[in-house]
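Colleague: I should like to learn how the features of a protein model are read. Could we go through them in turn?

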Amino acid sequence: MEEEDQQKIPDLIKELVLRLLSQNPTSDSQLLNPKSPSFHKHLRYALRILSARLRPSIAPDSAAIAESIKRRLVTQGKSSQALTFSELYTLFDSKTGLGSVNNKWAVLHLLDIVSEDRRSTAGQLDSPLLLPNLALGDAESGDNDSWVLRRRVKDKGWSNGVLLVAKDPENARDVAFREFANLVKEENEVSEEVLVRDVLYACQGIDGNYVKFDSSSDGYVLSDSIKVPRATGIMVRKLCELGWLFRKVKGYVSESMDRFPAEDVGTVGQAFCAALQDELSDYYKLLAVLEAQSMNRIPLVSDSASSGNYLSLRRLSVWFAEPMVKMRLMAVLVDKCKVLKGGAMAGAIHLLAQHGDPMVQEFMRRLLRRVCSPLFEMVRSWVLEGELEDIFAEFFVVSQSVKAESLWREGYMLHPGMLPSFISQSLAQRILRTGKSINFLRVCCDDRGWAESATEAAAAAGTSTRRGGLGYGKTDALDSLVDEAAKRIDKHLLDVMYNRYKFKEHCLAIKRYLLLGQGDFVQYLMDIVGPQLSEPANTISSFQLAGLLETAIRASNAQYDDPDILDRLRVKMMPHGTGDRGWDVFSLEYDARVPLDTVFTESVMAKYLRIFNFLWKLRRVEHALIGAWKTMKPNCITSNSFTKLQQAVKLQLLSTLRRCQVLWDEMNHFVTNLQYYIMFEVLEVSWSNLSNEMEVAKDLDDLLAAHEKYLNSIVEKSLLGESSQLLYKSLFVLFDLILQFRSHADRLYEGIYELQARSESALPSQDKSKSRKQRNATSSEPGSWISEGRKALTQRANEFLQSMGQDLDAISKEYSSLLENFISQLPVQQHVDLKFLLFRLDFTEFYSQQHPRS
Amino acid sequence: MDPEAAKTARESLDLAFHMSNILETGLDRHTLSVLIALCDLGLNPEALAAVVKELRRETLSSTPSASAHPPSS
């Protein structure tokens, strides 16, 4: 078969030449004669050409050739013809089997070249077209004769419709073209599509043939050994920036994925990496399309041919514009977030998302939605269930393990570093409080009812208690969910506190017992416990005191109180040093158990203790004065018994008595007013404020704050605060003085009674005297007292009264000065209510008139 | 050649001729058929195209000055 084919070839060639030559209508007749020498000449020529090019220079791909033909037709504006051509080609291609053309590609290629040649010789003054021909023709064919032939053509002056300026071989234009072709060939060691392919590789982080990653200059560079035109080099470098950015982003993603098992990268970091990988997959798609396009041209085996390559570097730079922006964004994000994690990372990304460009915004929003979803999940589970599932420490609520009583105050805290910037402080506080309440209820109150509140809240907010439903950009949804949850949980918590644990009742009980609100109880207590407390502190046993406390409770109205409350009331002996009396160390204590000890913590109870001490001392002084009054009742002293005495003595007695009474009165006035001030202006007012606030309190924080305020105001107003130190000290000196007075008064009256008794015995009265004398004579006290008689008595009385009088004077003076000092300090106090105290004490301006200020 | 093959061949030629017209190659049907046969036999299409081009030019150039002959090698 092949031989037969081989046989056919020369014949066919002959035939071809004949036909071609006969196409020319004006040809010589002799050419048509196959036997003519000119014909043979042509034939030989044709044969030479045919043998010179044995191998085609393109790949035998008919489809590609058809494509390029079509495209050329389109670019020439003949799109309808292109359509027809494609139809024809489809039909042509479908013809298979016997009688069909086997080398279809050859046919197409042939037609292509012929038509191109024809067009180029049809006379277009198109120098770019000329140029490629030069490069193509001269480089490829080593056929000098065609060049010579062409020259000859020009020799003849036939110019293909182009007017040539000169006809000699030294045509300057041709020379110039030739030089330029050589130059281009030299410079373009590497052709454009190879560079394009290399750039595409670089943009995926792979080193190409010529473009490699250079770690010293940290970028993709074209090796210096390759010579390319400067413009190309610059363009390649610009395009490779994309490769550098890609490398950075990809490096971060793979590094994070590696680090994950070591628990360094949190859930937010993982979400971030996943989002980045999604964006990168989009980028890969683009690269795949571009690569396919870069193949879509006339595939040439040799490198130095460049005909109509679709994807040039310039086109590539246009395509890369958008991915460059995105990749740059991702690289910036990667830089920022390398060292961050958790909420801080989300916050940083959010800050970067505040951008005007809508494309950037859209991109960042997509990214953020994925990055923040773990965070929002954590918030949801915290707010609805009180669960803190935070292995990587990314959440802005941190927990510490503390005892049950400090759970509320110290168990959970906000970590401001992890708080993302799109969650405001107040929202964060609410989130914290809601979760804390749930945990508090669960741990301290043993309550399970909060679960219904949680589901209700979720239903009300429109989200479910399962995963999902919240996301970045829906901060208002989060807001409403937190609000609803907070409302319900807080209400539930307060209900539990008030109803189950009787918070109000306990508060009231503390006020009644520790702040001495239950008057009759305090009175009984003082009566019973008083004598014991005058002993030195180390001789008193607290058990005994506890028993006495019980007695006091039972004797007063306190016995009708709730036994649970009475249970918690106890006696406490404070640590004492030597020389302390019982009065200094005695105090009452109230045992508030979980969960109430969240409110009544150790420090709070210490404050209560201080106030108790102060009030107790005040009560003691009051008690002392009342006791003094009991002995001073005028009925005890009748002037009858003293008629026997001398006038002088009587006068002295009366004056002493009078001074005593006056002093007592002053002291009583002071103490009563102080007591009244403390009881009503301070305690009751603060209590009513607290009650009002307890009514309107919305959550436990409010309650704690109200109680704090209550205590602080009491402390301030009762002179226990920091600013009233001096006043406090002078007050205590006053108290001591009053107690001294009490003892003096006691002694005075004892003396007077003794005097009275002795005077009676010494000077018997008319009616009873005889009997008494007799009785007295029989049972009279031994001693020389009686025998001394009236004179001695008078003298003694004199001395006694004098000494007492002096003492009283001393006390009186001291008291006045101290009181003046005290009162003068009152107006300069900060607290407004102390001015009211001054007002009470100095109602008639007695003191300020006594010592007018200059 | 059996009639089927003949038909196919004829249709292929028609199609090729049509395509060639669209591309304005200026080849007539007969020449085209010869060329297709030569291509099918494995000759280099580029070479054939070159032959076509040269011979065309030959004929065209020989018209104005019939006396001049291209030198033979």
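Modeller: The following dialogue treats the overall content, the strand pairs, the cysteines and a surface patch. This is a predicted model, in which local features need pLDDT of at least 70 and side-chain atom pairs count only at pLDDT 80 or more, while totals for chains, interfaces and linings use all residues. Residues are numbered from 1 along each chain as its sequence is written, chains are lettered from A and ligands numbered from 1 in the order in which they are written, and side-chain values use heavy atoms, with hydrogens and water left out.

Colleague: How many helices and strands are there in chain A?

Modeller: Helices (H or I, at least four residues) and strands (E, at least two) are DSSP runs, numbered from the N terminus. Chain A has 35 helices and 6 strands.

Colleague: What percentage of the residues of chain A count as buried?

Modeller: Buried means under 20% relative accessible area, exposed over 50%, and partly exposed in between (1.4 Å probe, protein chains only). In chain A, 43% of the 854 residues count as buried.

Colleague: Which strands are joined by bridges to β1(A) and to β6(A)?

Modeller: Two strands pair if DSSP finds at least two bridges between them. Strand β1 (residues 211-214) of chain A is joined by 4 bridges to strand β2 (residues 219-222), and the two run antiparallel. A:D214 has A:G219 as its bridge partner. The two strands form a hairpin with 4 residues between them, and A:D218 in the turn has a positive phi of about 55°. Strand β5 (residues 569-573) of chain A is joined to β6(A) by 5 bridges, again antiparallel, with A:L569 opposite A:Y590.

Colleague: Why is strand β6 of chain A described as largely enclosed by the rest of the structure?

Modeller: It is so described because 4 of the 5 residues of β6 (residues 586-590) are buried.

Colleague: How many disulfides does the structure hold?

Modeller: A disulfide is a pair of cysteine sulfur atoms within 2.5 Å. Over all chains, the structure holds 0 disulfides. A:C507 counts as buried at 1% relative accessibility, and A:C660 is buried at 0%.

Colleague: Which residues make the nonpolar surface patch of about 450 Å²?

Modeller: Patches are made of residues with over 30% relative accessible area and no salt bridge, with like charges joined within 9 Å and nonpolar side chains (Val, Leu, Ile, Met, Phe, Trp, Tyr) within 5 Å. A salt bridge is a side-chain nitrogen of Lys or Arg within 4 Å of a carboxyl oxygen of Asp or Glu. Accessible areas come from the Shrake-Rupley method with a 1.4 Å probe; for residues, only the protein chains shown count as cover. The patch is made by A:V832, A:F836, A:F839 and A:F843. A:F843 lies in the loop between α34 (832-841) and α35 (846-850) of chain A and is exposed, with a relative accessible area of 58%.
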